[in-house]
Amino acid sequence: MTQSTTKRPWRQAENSIDEHLMQHCLVLAAKGKHTVEPNPLVGCVIVRKGKVVGQGWHRKFGGPHAEQYALRSAGTAAKGATLYVNLEPCAHAGKTPPCTDAIIGAGIRRVVVGMIDPNPIVSGAGIEQLRSAGIECHVGVLEEECKRLNARFIINILKKRPYIVLKAAVSMDGYIASLNTKSQWVSGEHSRIAAHRLRAEMDAVLIGAETLRNDNPLLTVRHVAGRSPRRIILTSSFRLPMSARLFKDRAAETIILTSQKSLCACARKALAIERKGIRIIEIPSRDMRVPLSTAMNTLFNQGIYSLLVEGGANVYAQFISQGLVDRIEFFIAPKLFLKGVSAFPMMSSVSRNLIRTFRVDNVEKLGEDIHVVYTPILQEV
């Protein structure tokens, strides 16, 4: 009894310290946002005798990894130390040498890892190599938090498609527009600023042809500093107004995403659009509809690793019903439309096996609006 009670506080203290230092790794890793993609966000901390002797993070795509920065800053103090990193160290040579070789060579005694790398080239190999070298490895500290930070990377690696965020401004009763569809702004100014900040974080933003006709948006970043993402219009009819503002605006590349059959049926209109400098990507199809799963894989191969879906309602329904949403961001305005354009008009007619369950990841007040972030509990394929 006495032996048990003396051991448990020590284990709890170690776990608490490990979690605290892993949280520090996550803070460091987040500094690489917008510069490391499509690589993962990684932070590393080296501790010896209770003191941080080295730290670093992956700063840009193709540059040194977090472990390499941390080992450089630690120098000879790395010998006998514990290394913390939120993602399993790589054991293969890519644009940089294997991190495992550097860790072993530096004389690290213990390695604490947040999560195993989902990349099949690495997955488990880094841990195995470190253990084979006699280094104690502890895996899975703050694993959920680590996965959440690198959700984009995980989706990219495992599904070969962009990380997809669905964003909508809705009324309290779930409408994105009134019946006359003339209410351009549902949410307030603070929400619009947050939405533009989100837009600036993504590689591309997508809308349907109906949203282009009704709203004539620019889809650029204006309320915050940041680059404008590529703009994608999803259409199977080519009912696209030639006077649309984004056909004239050159702030970002504009792409038409359509099916092969639709392109053949609307060849003349497509040619007129291409003459405006708009790129058309055609997706092989059985009918006029764009097969979304294939389309997302195609966008990924075009270097689009994150995608913001901004509308409209039918597009939302297609993405959700096909399990192609990794995060939903709702900006809920304190308004009741009572009647209007529902955010998900088709969802009531889909079969029960297509029901999606989400969890609330974050809630914040933005002016008079409420910003809610949801992620799927189980990602169906």
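Me: Which residues does Leu83 touch, leaving aside those up to four places away in sequence?
Reply: The model is predicted, with local features requiring pLDDT of at least 70 and side-chain atom pairs pLDDT 80 or more, while totals for chains, interfaces and linings use all residues. Residues are numbered from 1 along each chain as its sequence is written, and side-chain values use heavy atoms, without hydrogens or water. With contact taken as heavy atoms within 4.5 Å, the partners of Leu83 are Cys44, Val45, Ile46, Leu71, Ile103, Ile108, Arg110, Val111 and Val112.

Me: Which element gives the most residues to the largest nonpolar core?
Reply: A nonpolar core is a set of buried Ala, Val, Leu, Ile, Met, Phe, Trp, Tyr and Cys residues joined through side-chain atoms within 4.5 Å, where buried means under 20% relative accessible area (1.4 Å probe, protein chains only). This core has 37 residues, and Ile46, Leu83, Ile103, Ile108 and Val111 touch the most other members. Two or more residues come from each of α1 (2-30), β1, α2, β3, β4 (110-115), α4 (125-132) and α6 (151-159), these being DSSP runs numbered from the N terminus (helices H or I, at least four residues; strands E, at least two). The largest contribution, five residues, is that of α1.

Me: Which residues of helix α2 are buried?
Reply: The cover over the buried residues of α2 includes β1 (43-48), β2 (51-57), β3 (82-87) and α3 (99-106). Within the helix, which spans residues 66-74, the buried positions are Ala66, Glu67, Gln68, Ala70, Leu71 and Ala74.

Me: Why is the pair of Phe300 and Tyr305 classed as it is?
Reply: Rings of Phe, Tyr and Trp (its six-membered ring) pair if their centres lie within 6.5 Å; planes under 30 degrees apart are stacked, over 60 edge-to-face, and the rest tilted. Two aromatic pairs meet this rule. The centres of Phe300 and Tyr305 are 5.3 Å apart and their planes stand at 80 degrees, so this pair is edge-to-face.

Me: How many residues apart in sequence are the parts tied together by Phe330 and Tyr374?
Reply: Phe330 and Tyr374 also form an edge-to-face pair, at 5.9 Å centre to centre with 75 degrees between the planes. Phe330 is buried, with a relative accessible area of 13%. Because Phe330 belongs to strand β13 (residues 327-332) and Tyr374 to strand β16 (residues 369-376), the pair ties together parts whose separation in sequence is 44 residues.

Me: Over the ring of which residue does the charged end of Arg59 sit?
Reply: A charge sits over a ring if NZ of Lys or CZ of Arg is within 6 Å of the ring centre and within 35 degrees of the ring normal. Lys31 lies over the face of Trp57, 4.6 Å from the ring centre. For Arg59, the charged end is 4.6 Å from the centre of the ring of Tyr69.

Methods
Buried means under 20% relative accessible area, exposed over 50%, partly exposed in between (1.4 Å probe, protein chains only).
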